[in-house]
Amino acid sequence: MDKSSISEFANNLLCLEINTIEKETMTGELMPTLDLALLNIAECYANFLWKKCGAEIRGQLQQKLVSLNDPASPESVPVPPPGEKASLNTDLLRLSPETFNCLSKVAIEAKAILKMEEKEYAVLERISNCSNTIIKILNKKAAEKMIEGSPNLSRLHKLENGRAVEASNISWLDFLQIRKIWEMGDERIVAQTVINVDGDVITRVSPWAASPGKEWLLQLHKDSTELGATSWRHLFQILGDIVGESIKKIFGSKA
């Protein structure tokens with residue numbers, strides 16, 4: 001592990017974040033291989049932009065994705081706009097930094113020109129920010145094999161286990177970031193608690209979660225926070241024991 005990874009690991013340990021998310025449908029599935037998970041994220045973001053942001057944004061998204069897939073069709077050449085009932089062609093989504101750059105740009109444009117509910121603005125912000133995080137990960141040398149050939153979902157689904165071997169070089173810190181992004185998708189965060197190692201605790205609650213009749217949801221968030229804090233404390237205890245044993249061995253060998 002290099003110095004920057006160690007520093008990032010230490011910073012992550014100093015803060016615990018617990019999110020309670022509203023989700024309409026749940027499959028309970030485990031996260032797939034990393035390459036498939038990344039394309040799942042791209043599909044989730046693209047579908048939100050396609051379905052929630054109107055004809056103009058659908059047209060922009062299709063134009064950019066077609067241009068990425070067909071170098072002979074630059075963005076300056078208009079693509080016929082999709083109709084109201086048209087479906088997104090998910091095979092246009094490829095495992096590449098360019099795909100996530102496209103999603104980020106379209107999300108920023110949608111936020112600038114559309115009048116939407118605050119919760120949907122928050123999702124657009126997430127799409128932009130998380131896409132940029134993924135771009136940084138995919139631009140690292142460790143991701144070269146995984147994104148080679150810019151595969152789409154159809155190609156990866158033909159492989160028995162995605163391309164898990166090619167994804168194995170990704171650092172576990174980057175893996176954890178992708179896993180969090182995959183878990184959150186485009187769902188609404190209704191409550192969030194951040195606990196810092198210095199004792200500072202910040203809880204954010206959406207107006208919807210704070211409305212009458214939602215007391216059970218806040219209790220659920222409280223229970224999750226307590227469980228997370230207990231696990232966090234145990235992790236520090238384990239790390240402390242490991243460091244303590246290491247010090248004993250070092251100085252014991254010199255005695």
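A residue counts as buried under 20% relative accessible area, as exposed over 50%, and as partly exposed in between. This scale is applied below to a predicted model. Of the 255 residues of the protein, 37% count as buried. Ser150, by contrast, has a relative accessibility of 25% and therefore counts as partly exposed. Ser150 is located in the loop that links α6 (144-147) to α7 (153-157). The backbone of Ser150 has a phi near 45°, which is a positive value in a residue other than glycine. As background, most residues other than glycine have a negative phi.

The protein contains ten helices and four strands. Read from the N terminus, these elements follow the order α-β-α-α-α-α-α-α-β-α-α-β-β-α. Contacts between residues at least 6 apart in sequence were also examined, and 74% of them join residues at least 24 apart.

The description turns next to the packing of helices. Two packed helices are described by the angle between their axes and the distance between the axes. For helix α2 (residues 34-52) and helix α3 (residues 54-69), the axes come within 7 Å and cross at roughly 140°. Angles over 145 degrees would count as roughly antiparallel, and α2 and α3 are therefore oblique to each other. On the α2 side, the contact is made by Ala46, Leu49, Trp50 and Lys52, which meet Gly54, Ile57, Arg58, Leu61 and Gln62 of α3. Sorted by class, the residues in this contact of α2 with α3 are five nonpolar, two polar and two charged.

Helix α4 (residues 97-113) consists of 17 residues. From the first C-alpha to the last, α4 reaches 25 Å, close to the 24 Å expected at 1.5 Å a residue. The buried residues in α4 are Pro97, Thr99, Phe100, Cys102, Leu103, Ser104, Val106, Ala107 and Ala110. The buried residues of this helix pack against α2, α3, α5 and α6.

One residue of helix α4 is Ala110, which is buried, with a relative accessible area of 0%. Apart from its neighbours within four places in sequence, Ala110 is in contact with Cys53, Ile57 and Leu124. Ala110 and Leu49 are 61 residues apart along the chain, and their C-alpha atoms are separated by 8.0 Å. Ile57 also belongs to the residues of α3 that meet α2.

A further buried position is Ser128, which is placed in helix α5 (residues 118-138). The relative accessible area of Ser128 is 8%, so the residue counts as buried. When residues up to four places away in sequence are not counted, Ser128 touches Ser104, Ala107 and Ile108. Of these contacts, Ser104 and Ala107 are listed among the buried residues in α4.

The strands were considered next. Strands of a sheet pair through backbone hydrogen bonds, either parallel or antiparallel. Three strands of the protein form an open sheet in the order β1-β3-β4, with antiparallel pairing. Because β1 (15-22) and β4 (201-205) stand at the edges, each with a single partner strand, one side of each is left without a neighbour in the sheet. Neighbouring strands of this sheet are turned against each other by 10° on average, direction ignored.

Eight bridges connect β1 with strand β3 (residues 188-196) in the antiparallel sense. Within this pairing, Glu17 has Val194 of β3 as its bridge partner. On the other side, β3 is joined to β4 by five bridges, and these two strands run antiparallel. Here Thr193 has Thr203 of β4 as its bridge partner. β3 and β4 form a hairpin with four residues between them. In the turn of this hairpin, Gly199 has a positive phi of about 95°.

Helix α9 (residues 172-184) was examined in the same way as α4. At 1.5 Å a residue, the 13 residues of α9 should span 18 Å, which agrees with the 18 Å between its end C-alpha atoms. The buried residues in α9 are Leu173, Asp174, Ile178, Ile181, Trp182 and Met184. Gly185 follows α9 and has a positive phi, near 50°.

Technical notes: Residues numbered from 1 in each chain as written. Predicted model: local features only at pLDDT ≥ 70, side-chain atom pairs only at ≥ 80, totals over all residues. Heavy atoms only, no water. Axes fitted to C-alpha atoms, helices over the stretch in contact; angles between N-to-C directions. Parallel < 35°, antiparallel > 145°, perpendicular 65-115°, else oblique. Contact = heavy atoms within 4.5 Å. Nonpolar A, V, L, I, M, F, W, Y, C, P; charged D, E, K, R; others polar. Pairing = 2+ DSSP bridges. Expected span 1.5 Å × (residues − 1). Buried < 20%, exposed > 50% of the residue type's maximum accessible area, 1.4 Å probe, protein only.
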